[in-house]
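Work through the exercises below with the model open. Each task is followed by a worked solution.

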Amino acid sequence: MPELAADDFISIDDDPAGDSSAPEQARWRVLIVDDDHEVHEATVFSLGKTVIEGRRLEFLHAASAAEALAILRQEDDIAVIMLDVVMEREDSGLELVRRVRDELARSDVRIVLRTGQPGYAPELQVIRDYDINDYKTKSELTLTRLTTTLATAIRSYRQLHDLAAGRRGLETMALSFAELFGQRDLRGLGRTVLQQAAALLGGSVSGLLVLADACRVDEDSSARAMRAPDGAEPAPTASGLRVLAALGDLDVDAQLSPPLLARLVACLTQARNIHGDCSTQLCLGGPGGVTGVVHLQTSRSLSEIERRLLDVFAINAAASVENARLVEALDRQAFADPLTRLPNRACFIAAIDQELAARAPLTGQHVALFDLDRFSEINDALGHRLGDLLLGEVARRLGATAPTALLARVGPDVFGLLGDAVALAPNVLLAVLAAPFVIEGFALSLRATLGCADLLLTDDGGRGALRAATIALNIAKRRNRGGFADYSRAMAAEREESLALLNDLRAAIRGEHDLQLFYQPQIELCSGRIIGVEALLRWRRHGGDFVRPDHFIPLAERSGLIVDLGAWVLDAALAQIYEWEARGISGLRMSINVSLAQFRSASFLPLVEERIRRLALPAGCVELEITESMAMLGADSLIETLGRLKALGLSIAIDDFGAGFSSLAYLQQLPVDRLKIDRAFVTALSQPTSGQPIARMIVDLGRALGLVVIAEGVETAEQEAQLITMQCAEAQGYLYARPLPAAEFERWLAARSLPAAAASAARQ
C-alpha cells in the first residue's frame with residue numbers, strides 16, 4: 001500500500017455529529033488480514049477516527065489466513081474483512097474467502113480484497129467467482145477511495161444484518177404468538193409480553209406493562225376468593241395508570257418517575273408508538289380504545305428494523321391483552337354473582353377446594369348455608385327490583401357480621417359462608433335478621449334457616465362440603481324452620497335412604513304394581529247411608545311393608561314427583577268409579593285429593609277434562625279435595641279453574657277446614673260444594689274443656705254459605721252423636737271403617753247393605 005499523503009487524510013462520515021456523539025460501545029469491527037505490518041499501521045492511522053453510519057471503527061489484526069480463521073471462529077460480529085490476496089501463498093486470500101463462506105457459513109461479513117500483485121488473480125475472474133464486495137490494488141487505494149470502499153461494505157453488511165435480524169425477529173414473534181394468546185390472565189400475560197419483547201431485541205432489556213385505569217384488574221369478591229399468592233391488585237398512580245408487570249431493573253411496585261410517567265401518558269393520549277433513544281413506548285390499542293402501554297429500556301439505540309418489528313409486536317400484544325381481558329370478564333361472569341358481586345356457587349366450591357388443599361389441620365373450618373325463608377313471597381308481592389335490593393342488604397349485613405369468612409351467593413335466596421366456628425356461630429348469623437330491613441319505605445322482616453357442616457366430617461372436596469351443608473339445611477327446614485342444624489354422618493345415611501325411597505317411588509309410578517288405592521267410606525249421618533268414598537294412596541315398597549303416607553308424600557312434594565303421583569291417583573280413582581258404575585255399584589261419590597303442585601301444573605286441567613269426557617261419568621260422582629291454604633291463594637285463575645271443573649260435573653271440597661286462616665269474604669266467592677272439618681276439631685269433641693265450639697262454628701258457617709259439611713276422623717259414637725246434634729251432614733272415620741282395598745270395600749259395602757235392606761223390607 002503506498003504511503004498516504006497528508007492531503008489524502010480525509011474523513012467521510014455519514015453522520016457529521018457522529019464523531020462526538022456515537023456511543024463508545026457501538027462500533028463497526030473490521031478485520032485486517034495482511035502479512036505486511038506497515039499495512040496494518042497505515043490502515044488504522046488513516047481510518048482510526050472515521051465514523052460510518054453513526055459508529056466508529058474497531059480493528060482486529062491477522063498476519064495470515066490461519067490467524068484470520070481463528071479470529072473469525074471466536075468473533076461473530078465482524079462487519080468487514082480487508083484481505084490481502086497474496087500472503088504465505090499466492091492464493092491464500094482467495095482460499096480464505098472460500099473457507100469463510102463455505103466452511104464458516106459467514107454470509108453476512110463483507111470482504112474487500114487488496115493486492116499489491118494484481119497479476120496473480122485477474123480482477124474480473126475474482127469478482128465473478130468469489131462472494132466479495134470489492135477488489136482493489138493497493139496502489140489505487142487512496143484514503144478517500146479506501147474510506148468509500150469501507151463505507152459501502154459496511155452499509156451492505158448492515159442491510160444483510162438487518163434482514164437477518166428481521167427474519168429472526170419474525171420467527172421469534174411467530175413462536176411467541178401462541179404463548180401470548182395462550183395466557184388466560186392479565187398478570188401472567190403482562191410478564192409474557194415483556195419477556196417476548198426482550199427476546200425479540202436481545203441483550204439487556206428492562207420493561208413495564210402499564211394498564212389504563214379503565215382496564216384495571218377487577219378485585220371483587222370472586223377474585224379475592226380465587227386469588228393466586230402473587231395476585232395482589234396493582235396500585236394505581238395519580239394518573240390512573242396501573243403497573244401490571246415488570247422486567248429487569250424496573251420494579252412493579254416502584255413509583256413511576258415524572259419523565260417516564262410523561263412518556264407513558266403521551267403514548268396513551270397520542271395513541272401511537274414512541275421510539276426514543278434507548279427508550280420505547282408501545283401503544284396497546286384495540287376495538288375499545290387504548291388499553292395500556294409497554295415501556296422498554298435498552299442499553300443501545302434500536303435499529304430501524306427493530307423498531308418496525310416492535311410496531312408489529314405491539315399489535316399482537318394489544319390483541320392478546322384484549323383476549324385476556326375478555327377471558328377474565330367471562331371468568332367473572334362464570335364465578336361471580338352479577339347481582340351482589342359475591343362469589344357464586346362454582347366459585348364457592350372452588351374456594352372450599354382451595355381451603356381443603358391449603359389448610360392442615362382443618363379443625364374449626366365450617367361451611368354454612370343461610371337460606372331466607374319464604375323470600376319468593378316477598379318477590380311476588382313487592383316485585384323483583386325490591387327483592388334484589390333486599391338481597392343486597394342481607395349480603396351487606398352478613399359480610400359485616402362475619403368479615404373473616406368468605407361469603408358467596410349459592411342460590412336465589414341462599415348464601416354460603418366459609419370460615420371458622422366462631423365466625424359462623426349460628427346464633428350470631430341468625431341474629432343478622434333480627435332488625436327489619438327498610439327498603440324504599442317498606443319495613444321487611446325476614447327469617448332464615450341455617451345448615452352447617454364441619455369440613456372434617458365431609459368428603460369429596462368442595463362439592464361434598466356443600467352437599468353436607470345442604471343436607472343439614474333441608475333437615476333444619478323440616479324440623480326446625482327458622483333455626484339451624486349441624487351436619488352429621490347419620491344425616492347422610494338418612495339422605496341416602498330418602499334418595500333410595502324416592503327412586504323406588506319413581507319406579508313404582510312407572511310400574512304401577514307397588515301403588516294401590518284404599519277407600520274410606522263416607523256416611524250420611526241422618527240416614528247412615530253410604531254416600532261416597534275417599535281415595536287414599538298406599539305404597540307397598542317392593543311388595544313388602546307399607547310405607548307411611550306421611551313419609552313418602554312429603555318426599556314426593558319436595559322432589560316434584562307429586563305431580564306424577566297425583567296423576568296416577570286420579571287415573572286409578574276414575575277407573576275404579578267407572579268400574580263400579582258399570583257393575584251396578586252406583587250412587588257413590590269418589591273423593592280425590594289434589595296437591596297444590598298438581599293443581600298448578602299446566603297439564604292438570606286438560607288431564608281431568610280428557611278423562612271425564614272419555615269415561616262419561618255421571619255428574620256428581622267425582623269430587624276433588626283441595627286444601628284450605630290452596631283455596632285461600634286468592635288468584636282469579638283459581639276461581640276460573642274451579643269453575644271449569646264444576647262445568648265438567650265435578651264437585652269441590654275444601655279439606656282440613658279450620659286448620660288455616662280463611663277469608664270468609666273470599667270463601668263465599670269460590671265455587672265449592674263441601675267443607676271437611678279437620679280431624680283435630682273432631683277429636684276435640686271428646687275433650688270436655690275444648691268441646692264443640694270450633695266444630696259447631698264450621699258447621700254453622702257451612703250451612704250459612706249453603707255448603708255441605710263433612711267431618712273426618714270420627715272414631716267414637718260420642719263424636720258422632722255430637723255431630724248429629726250440630727246437624728253436620730256427613731262423616732268418615734274409623735267408627736265406620738278403616739281405609740280398605742277395593743275388593744274389601746266391596747265386601748264391607750255388601751255386608752252393611754244387607755241389614756239395611758232387611759230393615760227396609762220389614763218396614764214395608
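**Exercise 1: a helix and its span**

Task: check the length of helix α7 (residues 186–201) against the span expected at 1.5 Å a residue.

Solution. The 16 residues of α7 should span 22 Å, and the end C-alpha atoms lie 23 Å apart, which agrees. The expected span is 1.5 Å times one less than the number of residues. Helices (H or I, at least four residues) and strands (E, at least two) are DSSP runs, numbered from the N terminus. The model is predicted: local features need pLDDT of at least 70, side-chain atom pairs count only at pLDDT 80 or more, and totals for chains, interfaces and linings use all residues. Residues are numbered from 1 along each chain as its sequence is written, and side-chain values use heavy atoms, with hydrogens and water left out.

Next, the cover: 13 of the 16 residues of α7 are buried (under 20% relative accessible area; exposed is over 50%, partly exposed in between; 1.4 Å probe, protein chains only). After α7 comes G202, with a positive phi near 75°.

**Exercise 2: an enclosed strand**

Task: find which strands pair with β12 through seven bridges, and state how many of its residues are buried.

Solution. Eight of the eight residues of β12 (residues 365–372) are buried, so the strand is largely enclosed by the rest of the structure. In a regular strand the side chains alternate between the two faces of the sheet. Here Q365, V367, L369 and D371 point one way, and H366, A368, F370 and L372 the other.

Pairing requires at least two DSSP bridges between two strands. Seven bridges link β12 to β14 (residues 414–420), antiparallel. Another seven bridges, also antiparallel, link β12 to β17 (residues 448–454). A368 has L417 as its bridge partner in β14 and C452 in β17.

**Exercise 3: a one-sided helix**

Task: decide where the buried residues of α22 lie around its axis.

Solution. Helix α22 (residues 636–647) has 12 residues and reaches 17 Å from first to last C-alpha, close to the expected 16 Å. Its buried residues are L638, T641, L642 and L645. They cover an arc of only 95° around the axis, which puts them on the same side of α22; the arc is that of the directions from the helix axis to the C-beta atoms. The face turned away from this buried side carries the exposed residues D636, E640 and A647. Just after α22, G649 takes a positive phi of about 95°.
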